[in-house]
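Please open your viewer and keep the selection panel at hand. We will go from stop to stop, with a note on what to select each time.

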Amino acid sequence: MRILVVEDEDRLASHVARALKRAGHLVETREDGAAGLAEALKGEYDLIVLDINLPTLDGFGVLRALRDARSPMRVLMLTARGEVGDRVAGLKAGADDYLTKPFAMEELLARVEVLSRRTPVGDAPTRLVAGDVRMDVLKRKVTRNGDTVTLSPREFELLQILMQEPGRVFSRDEICERIWEREHEYDTRTVEIFVMRLRKKLDEGRDTALIETVRGVGYTLRLPT
Amino acid sequence: MNKWPIKLKIGAYCALLIVLGLMVTAGVMLPSIYRQQIAELDEQLEGDAADLFRRLDDLPGTSENPRTPVGDKFIPLRLKQRYIELTGRDGAMLHHSQNLRDASLRRLPEGMSTITLREAGATARSSDDASALELNCRIGTFHHGPFTLRVGTRLRTIEAMQEALLRGFYFSLPIATLLIFAGGMVLARHALRPVSAMTAAAERISAQHPDERLPIPPAKDEIARLSVVLNASFDRLQRAYNSAARFSADASHQLKTPIAVLRAGLDEMASCDYLQEQEREIVADLVHQTRRLTTLVEDLLLLAQSDAGRLKVDPAPLDLVPVIDNLQDDLDALALERGLSIERATPEHLVAKADVRRVKIILQNLGENAVKYNRDGGRIRVSARRENGTVFVSVGNTGGAIPVEYRERLFDRFNRAGQGENIKGHGLGLNIARELARAHGGELSLARSDAEWTEFELRLPAAG
């Protein structure tokens, strides 16, 4: 994908650009709103990663101008303020998705990935399948090989996170962020306990372990080969 | 009187002043009228004496023999009511009017004097009241040749006028007082009308309408000056308030940007393939620290907003039971290592009017504290109920009693209620939880704390 990053903090912009390039995208960066808008209006990009606090023209202004120009670009907004007002304003103004700073780079890459598929954001799949594990998100039911597995709310959330992107390694902190948003004192320890409990319920009496620990990094859902 | 409303006070002061004024007026006016009338009377008596002397001179033989008593022939009809005593040479009594009876005027000093006489024939009218028989009279002593004439009259007319004036004064005093009191109140209300308008405007000035100002009355009076001064103060307050609000927004951005750079750099580092396991653990811990920093920044921002009266909550009907389910799940996981047992008493549904993100923070804080301050092998109990439009969520634990002297400070900032510095956490949890509960129109309080049980109670408005 061709991605334009408009972010005035140059070091953040370069980290983001490098991560996106490593994921196989073509990336260009701009450091202020007006320049970003001019570049975006060339029509050479599929996606714009847009900061809200920008010199010359803020993110909302850029977004409005893009929508006025009927640009088909996807817009992922970055906001320093986790305020509901900002999120609502951003989405109302026509952003496709938003991320609150600071964010996990993996999270950004995942969001970009979702946007590249051009499926409407927010419509997370209601049925997930990974190997012989099936999850019905709406009914909150999980089966493995047809057998119902009863999960606690957090175990369910954890499995859902892993099943949405099988094969991707999630760090403990990223999982914590997804489940609780806010950091709390024992969260990484709690994640370890939930992983342990989930493993017990899913893998008990089977020879293939579903959740794999990547030492020093985190966890991943291993796809059967 | 200090506690009276200003209207009543002004009315009462007016009434008091009018009473004083009337009394002073009466005290000055009545004697001066009296004196004036006496002076007129004296003149009249002098005229009478001149008239009597003239007629005495006309009486044949009197001047030749000023020792012979004279009858009342020299007294004209119009002076028949006067008290008259005439003495001649060597003090011989020449005439003594009948109305004087046995009273003698001879010892009176020269000039004009006021004396008390017993009324002639008064005994017949009223015998029981001795004082009623006595009449004040004005007597003048005049000389003409060998004759000394004492002529006098009653003061009844003058006294009656004095009495009438006094009666009128007594009668008008309460009426005037009442009128002035009522009038004073009306005037005060009228004068205070701009103050009422100011009060109404001041009540409208709030976090939602910071631009509202007091009306300035058209008259250039004290109230107008007060309005101007107060408006200037409000301007200053609003500027301070705005800069505080801007500060929290700016601070949030300023603080989060470097954290975001830090986080992005650490994530990039973590994605490098050549890191050793030990280095990966360090990076993972640093990532965790950036999350701690973010949460701390958000908490401080939240408190800054709360102080500025700008803490916004987005209340919507929210079933608390799934939120409590999640809390219980977290507690179960945490309880494992500490050997805690978790109890639960909640209805099937419990719908509050609350902001889900905020309520999660409150319950997370309460749950964390219940684990943190509990003893190993203790109990935690989460219960919830609805009562008269209020939803109660209680989180109790078997931690030690919180000393009475610390209970007040429990919800203060950066306070850990004397539990010592060896307990983790930044000590903002309860403070934030309470601010959030209050922003919902609810409350967070310590319901019980003794050796066996410590329980916090969250109250939120119920929905539906």
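The tour starts with the chains, moves to their interface, and ends with some local features.

**Before you click**

This is a predicted model, in which local features need pLDDT of at least 70 and side-chain atom pairs count only at pLDDT 80 or more, while totals for chains, interfaces and linings use all residues. Residues are numbered from 1 along each chain as its sequence is written, chains are lettered from A and ligands numbered from 1 in the order in which they are written, and side-chain values use heavy atoms, with hydrogens and water left out.

**Stop 1: the two chains**

Colour by chain and select chain A. Its 225 residues include 8 helices and 12 strands; helices (H or I, at least four residues) and strands (E, at least two) are DSSP runs, numbered from the N terminus. Of the residues of chain A, 50% count as buried, where buried means under 20% relative accessible area, exposed over 50% and partly exposed in between (1.4 Å probe, protein chains only). Among contacts (heavy atoms within 4.5 Å) in chain A between residues at least 6 apart in sequence, 54% join residues at least 24 apart.

Now select chain B. Here you will find 10 helices and 12 strands, and buried residues make up 42% of the 464 residues. For contacts in chain B with a separation of 6 or more, residues 24 or more positions apart account for 63%.

**Stop 2: the interface**

Show both chains and select the residues of each that touch the other: 43 residues of chain B are in contact with 44 residues of chain A. About 4300 Å² is buried between the chains, with carbon and sulfur atoms giving 51% of that area. Buried area is the accessible area (1.4 Å probe) that two parts lose on being put together, summed over both.

How many salt bridges are there between chain B and chain A? The count is 11, a salt bridge being a side-chain nitrogen of Lys or Arg within 4 Å of a carboxyl oxygen of Asp or Glu. For one of them, select R263(B) and E177(A): their closest N and O atoms are 2.5 Å apart.

On the chain B side, α5 (222-270), α6 (277-307), α7 (320-338) and α8 (356-372) each supply at least two of the residues that touch chain A. That side of chain B divides into 10 nonpolar, 12 polar and 21 charged residues. In this count Ala, Val, Leu, Ile, Met, Phe, Trp, Tyr, Cys and Pro are nonpolar, Asp, Glu, Lys and Arg are charged, and the others, Gly among them, are polar.

**Stop 3: a helix in chain A**

Stay with E177(A) and extend the selection to α7(A), residues 172-180. Because 7 of its 9 residues are buried, α7(A) is largely enclosed by the rest of the structure. E177(A) is among the buried ones, and so are I175(A), C176(A) and W180(A). Just after the helix comes E181(A), with a positive phi near 65°.

**Stop 4: an open sheet**

Next, select β10, β12 and β11 of chain A. These 3 strands form an open antiparallel sheet in the order β10-β12-β11; strands pair if DSSP finds at least two bridges between them. The edges are β10 (170-171) and β11 (211-214), each pairing on one side only. On one side of β12(A), residues 218-221, 2 bridges join it to β10(A), while 4 bridges join β11(A) to β12(A). Click Y219(A) in β12(A): F170(A) stands opposite it, and Y219(A) is also the bridge partner of T213(A). In the hairpin of β11(A) and β12(A), 3 residues lie between the strands, and G216(A) takes a positive phi near 75°.

**Stop 5: two hairpins in a row**

Select residues 133-149 of chain A. β7(A) (133-136) and β8(A) (141-144) pair in the antiparallel sense over 4 bridges, with V133(A) partnered by R144(A). Their hairpin has 4 residues between the strands, and R140(A) in the turn has a positive phi of about 55°. From β8(A), 3 bridges lead to the antiparallel β9(A) (147-149), where V149(A) is the partner of V142(A). This hairpin has 2 residues between its strands, with N145(A) in the turn.

**Last stop: E435(B)**

Finally, select E435(B) in helix α10 (residues 429-439) of chain B. Leaving aside neighbours within four places in sequence, E435(B) is in contact with L303(B), S306(B), L311(B) and R413(B).
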